[in-house]
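Please look at the sequence and the model below. The paragraphs that follow lead through selected parts of the structure, beginning with one residue and its surroundings.

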Amino acid sequence: MKSTPLSLIAGVVALAAVTGFAALTAPGDETVTEAKAAARLPVERSSLLCPAPSTSDLADTTYTSFTPAGEGGGEAGTAELTPAESLPADEDVPADDADKKKDKDDKDDKDEAAGAKPVISLKDLGKPATADTSKSDAPALVGTATGSFAPGWTAQQTTVAAAGGARGLLGVSCTAPDTDFWFPGAGTGASRQDYVHLTNPDDTAAVADIELFGAEGALKSDVGEGITVPARSSVPMLISTLTSEAAENVTVHVTTRTGRVGAVVSAAEDEVGSDWLAASADPASTQILPGIPADATSVRLVAFAPGEDDADVKVQLMGKNATFSPAGNSTLHIKSRMTASIDLKDVTRGEPGSIRLSPADGSRTPVVAALRVVRGTGAEQEVAFIPATGPVGERATVSDNRAKGSVLSLTAPGETAKVKVTTSEGSEGGAASVKTYTVKSGTTLEVTPEVPAGLKGGYALTVETESGGPVHAARTLTLKESGIDMFTVQTLPDDGGTVEVPAAEQDLTVLDD
């Protein structure tokens, strides 16, 4: 009698961890066991990237880092955001020259990264950490959380620009690195100053491509291909310099040939200020865009169909009490690889709402989408953007909430759902609290979070689904500056704090006669 070697057993378990399935076969080609159903376990490592905040001398930026209390990812770990090297757009390296500089750049960047001090370090679970800067040359940040700080780690960057062409409240949830991003809602017209910020968290260079699509299709560009982003560096690209064509509504597509990046668009528009435009949820036939403020004076829907087929979608507003189609805008036809838009004007009419896009006439073509939202009138207008987003799922968090000005929007596009909302401890003091809300099917519920008792500093909001159908959420933060109600909206997709890990059979020993 003999046993299958331990190394084979270990290999099977490792294969299961990567693929979600493994089988062990005896010498006679007879399968004797296979992995059990996958279990969900806390992640042990997370990465986040924050773009360079502002070049204005009149801007103040707050960074907030937070991990919810709960089951951690093993060891104590750390969560730190450190400076990346910020390069001006005209210093990006063409892909053909990347290899010539690669060795030198990698060595220099590793040396700098090794000596960089964290801008912000998280010390406690369930309690935000903050840092502030007023520097006009503040860099992008790259960060990693490990151990118990990794599951659900989130970071928020909030900038108040009091004056100038880029004035506004600019908020963005720092993003995880990826290889594919869609940004409907950008522009290349004379009134727009939109930049794509590409940040590379890794120790080797990444090479990215940027495609632009307007109402008539692809915008001609000779300089959007092969953009090298050096190791642990950030490159801003002015979108209007990538093409000679001016377009009011543009979809930006960022992909990488090698490596991965974090990508986000800073959008500045004459008369209405500026904010960050985060990436849309991945292409899907149904998209949810939650959290339109009740007092929105102008709402524009921008959508794009990236596939070979046109898309026909129903446009519905999930309001306070019911779902309905906006008058005259019940459907939208989106031609393949062309950007479409609808001006919905003041569609919410004094009540909070969320937009649902769903297939019309049997069309199930995937789309991406975003909303351009304006509040105020005349010289007191202010703009923000709401991308399509996934559901809260098990848990989602948004940090940097203040004693006043935070509003949480919850929408249930399917069945009625119940969610638990936790307000964390304050960054400088204050007790956490928990409250449960029921969101009726097809409606949007707007709630003002219960501020932590004795709050000092800021706090985080964590939303967890307890029962019922999926819930989509967004947080609106409003701050009054120079008489203007400046605002920004961040969506709350699932934080990815757990991952499926195959559970191997306890006894993988194969016995042979």
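In this predicted model, strand S30 spans residues 353-359 and includes Ser354. Is Ser354 buried or exposed? Its relative accessibility is 0%, so Ser354 counts as buried, since a residue is called buried under 20% relative accessible area.

Which residues does Ser354 touch, once those up to four places away in sequence are set aside? The contacts are Leu289, Pro290, Gly291, Gln316, Leu317, Met318, Thr411 and Thr444. Two of these neighbours also take part in polar interactions with the serine side chain. With Thr444, the link is between side chains, and the side chains of Ser354 and Thr444 form a polar contact of 3.0 Å. With Gly291, the partner is a backbone atom: the side chain of Ser354 reaches the nitrogen of the Gly291 backbone at 3.3 Å.

The next topic is the aromatic residues. The structure contains three aromatic pairs. One of them is formed by Phe181 and Phe183, whose rings are stacked, with 6.3 Å from centre to centre and 15 degrees between the planes. Phe181 and Phe183 are both buried. Elsewhere in the sequence numbering, a single aromatic cluster is made up of Trp182, Phe213 and Phe304.

An aromatic ring can also be paired with a charge, as Phe487 shows. The charged end of Arg375 sits over the ring of Phe487, at 4.8 Å from the centre of that ring.

Key: Residues numbered from 1 in each chain as written. Predicted model: local features only at pLDDT ≥ 70, side-chain atom pairs only at ≥ 80, totals over all residues. Heavy atoms only, no water. Helix = DSSP H or I, 4+ residues; strand = E, 2+ residues; numbered from the N terminus. Buried < 20%, exposed > 50% of the residue type's maximum accessible area, 1.4 Å probe, protein only. Polar contact = N/O pair within 3.5 Å; in protein donor to acceptor, adjacent residues only side chain to side chain. Contact = heavy atoms within 4.5 Å. Phe/Tyr/Trp six-rings, centres within 6.5 Å; stacked < 30°, edge-to-face > 60°. Lys NZ or Arg CZ within 6 Å of the ring centre and 35° of its normal.
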